[in-house]
Amino acid sequence: MEPFRFHVFVCTQEKPSGILSCASRGSRALRDAVDREMQARGLGSDVQLTTCGCMGLCDEGPVMVVYPAGVWYRRVQPVDIPEIVEKHLRDGKPVERLVWKDASAMKAMSVEHGGQFRSAMAAREKAGTLADWLNEMIRGFMPSRCILTALELDLFTAVGDRATAEQIGTKINANARAAGVLLNALVALGLLEKSGDEYKNTPESARYFVQGSKDNHRNGLLHTANIWHRWSTLTDAVRRGTCVPIDHANTPEWTRNFIAGMHRNARERAPLVVKALGTAGVRRILDLGGGSGAYSIAFAQACPDVKCEILDLPEAVPLTAEYISRASVSAQIGICAGDILHDQFGSGYDIVMLNAICHMFSEEQNREIFRRAHEALAPNGRLAVQDFILNPDKTGPQHAALFSVNMLVGTEAGASYSEQEYTGWMKAAGFVEARRINLPGPSDLIVGQVN
Ligand SMILES: C[S@@+](CC[C@H](N)C(=O)[O-])C[C@H]1O[C@@H](n2cnc3c(N)ncnc32)[C@H](O)[C@@H]1O
Ligand code: FES
């Protein structure tokens, strides 16, 4: 039984450097083009598009096959796709000039290729060549650093509609030769396009990195650029057992980028947290380290009877006030400048929230915060901790383990923690029940209930 009229397989296999593959011949762009053309013609529900691994026909790649008839296309280019989609996938007539019909030649090539590939891999193995995946991981900072420098220099905005390296260098106050080197690398990374001497933004760069664009993420991403400087102290931090002070940290600009970076994630996650916790019977919420106020804002918008109080550091609260005022919920949200570790929490709350807070503190500090949160909650009140939660042995998930390193370089004693640690601290603080609520995405909730 065929659930689709056509099932298209596009080979996107990557191979070790120096070995030919469909991916090295641009098959990912091909896949994107098939998808785009299918959607444009309303074929999304009739045709299933699947990427697949090597079919042994790499010399003739990029290769794609259309089932159920088993029509094999070879050396396909993105310019061929509108014709294939229209004639074959819409009208049912294969594009003959691109179809490869010689089944015995295909089989012979596939067998020969399998042998060649196995011998090439055996030769690399014998020579002790560093595996590509290791090499890629080790050099992973290179693309990242190019993008972060481009963001720091506001290069994508300087590119504008189109400009030469010289014009861009002048705008960002940089050396034209060096700007050209960086611009060419950004073209190689697929973040700019080049024609003659001129560069222009790709649709994604124009959307996400250019000042004035509705979806500009530059300010939030500059927080990642700040973190990069902290990560470069990792070796020292591991030797010392704590973070190493760096220049330019915690300046007003750093704090603004930090809160913008937090807001980027928080505004997407806040509705999930509101849904998971619910608003029934909730009147007062304490949002410890509320940052941009995204979670309080989401609760206030979900329920006009809810009142929130945010406690955050004095340097953050003017920024918190800006976000809340922009969301037009100032009447429902109070802001207090203070320190979670030293200042009073008040009492009678239905929910105390700790979103992305516990990882900044040590186990002892968190135990104390949980104890004081328990005191601040009304009967049946809940403590809601949202964070990246580690497995019991703390080796995964990967994002949580890496985030723990982020806290090692960024705080005195912070870390990611496991579900067992959080629920244990809650029980020790007097919560009668502590349970995990999995959220879509990388962070989850641990909720403790007061008797
Ligand atoms: C990682 S951000 C999380 C912000 C927000 N809860 C969110 O999830 O978007 C940490 C927040 O805690 C605040 N913060 C850090 N240390 C604090 C302390 N000792 N007392 C109060 N707030 C603190 C920071 O200013 C920042 O707003
Ligand atoms: S990599 Fe695509 S057929 Fe071999």
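A residue counts as near a molecule or strand if one of its heavy atoms lies within 4 Å of it. This is a predicted model, in which local features need pLDDT of at least 70 and side-chain atom pairs count only at pLDDT 80 or more, while totals for chains, interfaces and linings use all residues. Residues are numbered from 1 along each chain as its sequence is written.

Around ligand 1 there are 19 residues, of which Gly-289, Asp-312, Asp-339, Ile-340 and Asn-355 come nearest. Nitrogen atoms of the ligand take part in the polar contacts tabulated here, a polar contact being a pair of N or O atoms within 3.5 Å.

| Residue | Atom of the residue | Distance to a nitrogen atom of ligand 1 |
|---|---|---|
| Asp-339 | polar side-chain atom | 2.8 Å |
| Ile-340 | polar backbone atom | 2.8 Å |
| Asn-355 | backbone N or O atom | 2.8 Å |

The protein buries 92% of the 590 Å² that ligand 1 exposes when taken alone, with accessible areas from the Shrake-Rupley method and a 1.4 Å probe.

An open sheet of 7 strands, with mixed pairing, follows the order β10-β9-β8-β11-β12-β16-β15; strands here are DSSP E runs of at least two residues and helices H or I runs of at least four, and two strands pair if DSSP finds at least two bridges between them. Its edge strands are β10 (333-337) and β15 (433-437), each pairing on one side only. Strands β12 (residues 377-387) and β16 (residues 444-449) run antiparallel and are joined by 6 bridges, and Val-385 stands opposite Ile-446 in β16. Helix α17 (residues 419-429) packs on the sheet and touches β12, β15 and β16, where contact means heavy atoms within 4.5 Å.

Notes:
Chains lettered and ligands numbered in written order. Heavy atoms only, no water. Axes fitted to C-alpha atoms, helices over the stretch in contact; angles between N-to-C directions. Polar contact = N/O pair within 3.5 Å; in protein donor to acceptor, adjacent residues only side chain to side chain.
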